[in-house]
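Q: I am new to this structure. Please give me a close look at the surroundings of the ligand, and then carry on to other places worth a visit.

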Amino acid sequence: MTSFQHTAHPTRVVFGTGTLDRVADEVERLGRGRVLVLASADLAAAGDRIEKVLGPLVVARFDDAAMHTPVEVTARALEVMRGAGADCVVAVGGGSTTGLAKALAVRSGVDQVILPSTYAGSEVTPILGETADGRKTTRSSPDILPETVIYDVDLSAGMPVPIAVTSAVNALAHAVEALYSPDVDPIVEWLALDAITRLGRGLRRLPAEPHAQEVREDLLHGAWLAGTCLSAVGMGLHHKLCHTLGGSFDLPHAPVHAVVLPHALAYNAAAAPDVVRRIAAALDVIDPGDVPGAVHDLVLRAGGPVALSELGMAAGDLERAVDLAVEHPYPNPAPLTRAGIAALLREAWEGNRPATADGVRTTRITRTVLDTLSGTPDPRLHALMSDLVKRLHAFAVDNDLTQAEWEQGIDFLTRTGQMCSDVRQEFVMLSDTLGLSSVVDVLANSRTPDSTASAVLGPFYLEGPPELPQGVDITGGFGGTPLHVDVHVTDTDGRPVADAVVDVWQSDEDGFYDLQLPELDGPVLRGRLRTDADGRLRFWSIVPSEYPLPMDGPVGAMLTATGRHAYRAPHMHFMIDAPGRRQLITQLFPVGGRYLDSDAVFAVKPDLIVDFAARSGPTPDGREVAGEWRELTFTFRLGADA
Ligand code: NAD
């Protein structure tokens, strides 16, 4: 049961294109007839158009609104308004002009009709921020809330791209912080996610299609929803920091939002993982751990500012900004610490791309490369390639890789490739010895816990081994402790799997595979067998022994250079295929074998360590064996085909 409270603010909203022409109707709808028009130098033409539409309803005009609503400007505008006997203000402009309209309304009770020209969102909030003597204070009251908002896409479309970008990120910040506000409710959540989707989509397209109507419509619609979120719930770290930076260091409002948002998100990400996941979905970001970085990229690609230093903030002011930011506590997902805020502001000042949740940083070149991948049609390939590029670049950056080291790496990989042939797979061995094959294998296993654990294929598998009958001896005359293999293949319910194709391969007593012994004529200690009607398979072999990986190639050199031994624990390989069953590639390791705890390819799993039981006397099929022999019994459980 979710319980919540939600207050909807009673502003009338008119949304569309060419809606400016309805301004006279909207003033009359409020029962008002004496209008003060508020505009600014940048929007003088829009102010003139409004005057024309309003005709005789206009009694005065004021074009001097300023950012952060200084009280002196309000005093002058109030004088003009009172002098003209206005009962309504019609304001066209961004948050600054709206702020002035609100300041007049709260002092005099006049009605407000706002035509927003930016995405600030102030027009739907009952909040007013004012500056007096260099200090910005904020208050909230129903009297501040505008009666009517006319959103005209044509009007906001006149906003130059640089202003549109920062303004849209300002709106995005309202929606983001609403999602992790302690007061969030289902309506706000819904509005916020829709706002994020629209703003993200608009911001992505804005640089290439600055005049596309759908783009500007998305942004304005998103801005309205985001402003509604701002009016409904309290904001956290991001807004408080921007308030401090804007008010105390006279930095421009929307650009500060654009710079700070990725870093505030990074600060809060670990404390609000669900929110970050939902933002990732709304913004189409594949890796939720990279949402802060993706927001940084969005701003950068749209041409917005990413560094406080770019906005003119002095490095020497950072310390004081930290002091101000931690002065008054307020609710925020991650606890506010001095060190944390100081680090955040330093990153924002330098304009760094926030690291991913697992600490990966990327460079400007990385972002350019990622851009070139953005048209990859296959989404999985896109995700894998993008992440590979990010991690490779981060590897170089984090380790300060030198040219010589990089060349050595390229040479190593070249030699690894050159070493590969039909009978030698140096790349598989590289993957095995770096543990990558086993990591992939463990991932596969964790998805199929009820079937027998798999283990890496290894470099000595040969396609199409010879077909051999049940009961065969695969040793080809090689000496060693005789081993009778008597295994079963079943499904995960224990039902026998008949006619399963089982490829087996193993080393000889000295640790060599047939592929490593050029003097041998044909395959030895390997073969393809089939289970009988009971899912059973029997054959003779020898007990496998430990062996070193071949050391004559680059992988061997790598093992030597890193002081590692090259030994595999003794094991026998199995690859099992049956219709309707998932293929199983695995290895069985004799109990007590050497290197079980330090296998060079990290393939040993407890479930695969099996007693190759010591026996003497008569053998199951009557074969003559002098002295001790061993018996391997095991049941392989195959999962159903996906
Ligand atoms: P703004 O209103 O100061 O506008 C920024 C600049 O863009 C100005 O020079 C303006 O003349 C110009 N401009 C605006 N629209 C334009 C257009 N269509 N074409 C060309 N130029 C245009 O900035 P803003 O970001 O919209 O608002 C910032 C102010 O709003 C701050 O004071 C902030 O505190 C306040 N604000 C208040 C709330 C609230 O709920 N009280 C919410 C958001 C912002």
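A: The answer below starts at the ligand and then moves along the chain.

The model is predicted, so local features need pLDDT of at least 70 and side-chain atom pairs pLDDT 80 or more, while totals for chains, interfaces and linings use all residues. Numbering runs from 1 along each chain as its sequence is written, and side-chain values use heavy atoms, without hydrogens or water.

Start with the shell around the ligand. There are 24 residues in it; to be near, a residue needs a heavy atom within 4 Å of the molecule. Asp42, Ser96, Thr118, Thr125 and Lys136 come nearest. By class, the shell holds 10 nonpolar, 11 polar and three charged residues. Here Ala, Val, Leu, Ile, Met, Phe, Trp, Tyr, Cys and Pro count as nonpolar, Asp, Glu, Lys and Arg as charged, and the others, Gly among them, as polar.

Two helices each supply at least two residues of this shell: helix 4 (95-108) and helix 10 (253-269). Helix 4 gives the most, with three residues. Helices are DSSP runs of H or I with at least four residues, strands are runs of E with at least two, and both are numbered from the N terminus.

Now look at single atoms. Asp42 brings a polar side-chain atom to 2.6 Å from a ligand oxygen. Thr125 has a side-chain N or O atom that is also 2.6 Å from an oxygen atom of the ligand. His68 takes part through its backbone: one of its backbone N or O atoms lies 3.0 Å from a ligand oxygen. How much of the ligand does the protein cover? On its own, the ligand has 860 Å² of accessible area, and the protein covers 84% of that. Such areas come from the Shrake-Rupley method with a 1.4 Å probe; for residues, only the protein chains shown count as cover.

Stay with helix 4 for a moment. Ala101 is found there. Ala101 counts as buried because its relative accessibility is 0%. Buried means under 20% relative accessible area, exposed over 50%, and partly exposed in between (1.4 Å probe, protein chains only). Ala101 also gives a sense of distance across the model. Its C-alpha atom and that of Lys605 are 72 Å apart, and 504 residues separate the two along the chain.

Next comes helix 18, which spans residues 426-433. Helix 18 is mostly covered, with six of its eight residues buried. The buried ones are Glu426, Met429, Leu430, Ser431, Asp432 and Thr433. At its start, a side-chain oxygen of Gln425 reaches to within 3.0 Å of the backbone nitrogen of Phe427. Just past its end, Gly435 takes a positive phi of about 80°.

Move on to strand 9 (residues 482-491), which holds Asp486. Why does Asp486 count as buried? Its relative accessibility is 9%, so it is buried. Its side chain makes a polar contact of 2.7 Å with the side chain of Arg536. A polar contact is a pair of N or O atoms within 3.5 Å; within protein, one must be able to donate a hydrogen and the other to accept it, and residues adjacent in sequence count only through two side-chain atoms. His488 sits in strand 9 too. It is partly exposed, because its relative accessibility is 28%. The C-alpha atoms of His488 and Thr633 are 7.9 Å apart, with their positions 145 residues apart along the chain.

Two loops carry unusual backbone angles to check by eye. Leu525 lies in the loop between strand 10 (501-506) and strand 11 (526-530). Its phi is near 55°, a positive value in a residue that is not glycine. Leu525 is buried, at 3% relative accessible area. Phe602 lies in the loop between strand 16 (584-590) and strand 17 (609-610). It is not a glycine either, and its phi is positive at about 60°. Phe602 is partly exposed, at 47%.

Finish with the rings. The whole structure has 10 aromatic pairs. Phe634 and Phe636 form an edge-to-face pair, 4.8 Å centre to centre with 65° between the planes. Rings of Phe, Tyr and Trp (its six-membered ring) pair if their centres lie within 6.5 Å; planes under 30 degrees apart are stacked, over 60 edge-to-face, and the rest tilted. Both Phe634 and Phe636 are buried. Phe15, Tyr151 and Trp224 form one aromatic cluster. Charges meet rings as well. Lys240 lies over the face of Tyr330, 5.5 Å from the ring centre. The charged end of Arg623 sits over the ring of Trp540, 4.7 Å from its centre. For this, NZ of Lys or CZ of Arg must be within 6 Å of the ring centre and within 35 degrees of the ring normal.
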